[in-house]
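Good morning, and thank you for joining this short presentation. Please have the sequence and the structure open in front of you while I speak.

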Amino acid sequence: MNILEFQKKLKNDFEWINKDVFDKIEIYKNYLRSENKKFNLTRLHSDEKIYSDYFYESIFVYKNLIENKSQKILDIGSGSGIPGIIIGLIFDRSNITIIEPNLKQCKFMKTLIEILSIRNIIIINNRAECLDKSFRENFDIATSRAVASLKILLEITIPYLKINGILIQPKSSNLDFELKASELIIKKLNIFHETTIDKKFNEKIHKIIIFKKIKPTNLIYPRKWREIINE
């Protein structure tokens, strides 16, 4: 996917995008490529791959699922900025909080948002299950990309959603297996599986599962990491 194809697809999906957003994504791409030579942040080594497999593949799943309005969005484990920074650029009326445990990647993202003069994104170097209690019941939307199994993701994200907040979670084709393994924690967390949507890109089916929080989360969640992974 070249730059014109990429921009056309983005504009088609998110019609409010303007030239400033495209310019900032281009700066992001160039900075990513320059820093990747030092730190191996991603395996994508061409502009075409970055536009297609990195930027577009990380954001198209949110078409018609996130509105461009004032809201608080949580991204767990954004790595070198996917999807959190792209979400922040496109949904610029929202406030984005990115939780990333890797210090090197946090420094990369913090420098990037300074370069881009982004004011609606906060980067926090921490583990999701270790966040301060002030983060609980605080976000309208939570999401992540390629971080952990669904069962684990539910426990480390749902406590931070408001009542009626939603988790928008892109997953792979083995979603049925992950859902089955998550049945118990779904009940304990007081959430409702609203729907699963299939979206196709690059000859792949991307499954997006959506949960809605219907009651407060028991204060025992999230548990310590050792307890989460050993259940």
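Let me begin with a question: where does proline 83 lie? Proline 83 sits in the loop that runs between strand E1, residues 72-76, and helix H4, residues 84-90. Before going further, I should state that this is a predicted model. The bond that links isoleucine 82 to proline 83 is a cis peptide bond, with omega about 0 degrees. A second cis peptide bond joins tyrosine 221 and proline 222, and here omega is about -5 degrees. Proline 222 is also placed in a loop, between strand E7, residues 204-213, and helix H9, residues 225-230. As background, most peptide bonds are trans, and most residues other than glycine have a negative phi.

That brings me to two residues with a positive phi. Serine 117 is not a glycine, yet its phi is about 55 degrees. Its place is the loop between helix H5, residues 103-115, and strand E3, residues 121-124. With a relative accessibility of 41%, serine 117 counts as partly exposed. Glutamate 137, again not a glycine, has a phi of about 50 degrees. Glutamate 137 belongs to the loop between E3 and E4, and it counts as partly exposed because its relative accessibility is 30%.

Let us now turn to the sheet. In what order do its strands run? The sheet is open, has 7 strands with mixed pairing, and reads E3-E2-E1-E4-E5-E7-E6. Its edge strands are E3 and E6, the latter covering residues 191-201, and each of these pairs on one side only. On average, neighbouring strands of this sheet are turned by 20 degrees against each other, direction ignored. For those new to the subject, strands of a sheet pair through backbone hydrogen bonds, either parallel or antiparallel. In the case of E1 and strand E2, residues 95-99, the pairing is parallel and extends over 5 bridges. Within this pair, leucine 74 stands opposite threonine 97 in E2. Helix H5 lies across E2 and E3, and it runs at about 160 degrees to E3.

Two residues of strand E4 deserve a closer look. Serine 144 is located in this strand, which covers residues 139-144. Is serine 144 buried or exposed? It is buried, because its relative accessible area is 0%. The side chain of serine 144 makes a polar contact, at 3.0 Å, with the side chain of glutamine 169. Beyond its neighbours within four places in sequence, serine 144 is in contact with several residues, including Tyr62, Asp75, Ile76 and Leu153.

Aspartate 140 is also in strand E4, but with a relative accessible area of 25% this residue is partly exposed. Which backbone nitrogen does the side chain of aspartate 140 reach? The side chain reaches that of lysine 72, at 2.7 Å. Not counting residues up to four places away in sequence, aspartate 140 touches Gln71, Lys72, Leu161, Lys162, Gly165 and Ile166. Aspartate 140 and tyrosine 62 are 78 residues apart along the chain, and their C-alpha atoms are separated by 14 Å.

Next, consider helix H1, residues 3-13. Phe6, Leu10 and Asp13 in this helix are buried. Why do these residues share one side of H1? They cover an arc of only 65 degrees around the axis, and therefore they lie on the same side of H1. The general principle is that an α-helix has 3.6 residues a turn, so residues three or four places apart point the same way. On the other side of H1, Leu4, Lys8 and Asn12 are exposed. At the start of this helix, a side-chain oxygen of asparagine 2 comes to within 3.1 Å of the backbone nitrogen of leucine 4.

Finally, the cysteines. How many disulfides does the structure hold? The number is 0. A disulfide is a covalent bond between the sulfur atoms of two cysteines. The cysteine sulfur closest to that of cysteine 106 belongs to cysteine 130, and because it is 13 Å away, it is too far for a bond. As for their surroundings, cysteine 106 is buried, with a relative accessible area of 1%. Cysteine 130, by contrast, is partly exposed, with a relative accessibility of 46%.

That concludes my presentation, and I thank you for your attention.

Technical notes: Residues are numbered from 1 along each chain as its sequence is written. This is a predicted model: local features need pLDDT of at least 70, side-chain atom pairs count only at pLDDT 80 or more; totals for chains, interfaces and linings use all residues. Side-chain values use heavy atoms; hydrogens and water are left out. Helices (H or I, at least four residues) and strands (E, at least two) are DSSP runs, numbered from the N terminus. Buried means under 20% relative accessible area, exposed over 50%, partly exposed in between (1.4 Å probe, protein chains only). A polar contact is a pair of N or O atoms within 3.5 Å; within protein, one must be able to donate a hydrogen and the other to accept it, and residues adjacent in sequence count only if both atoms are side-chain atoms. Contact means heavy atoms within 4.5 Å. The arc is that of the directions from the helix axis to the C-beta atoms. Two strands pair if DSSP finds at least two bridges between them. Axes are lines fitted to C-alpha atoms, for helices over the stretch in contact, and angles run from 0 to 180 degrees between N-to-C directions. A disulfide is a pair of cysteine sulfur atoms within 2.5 Å.
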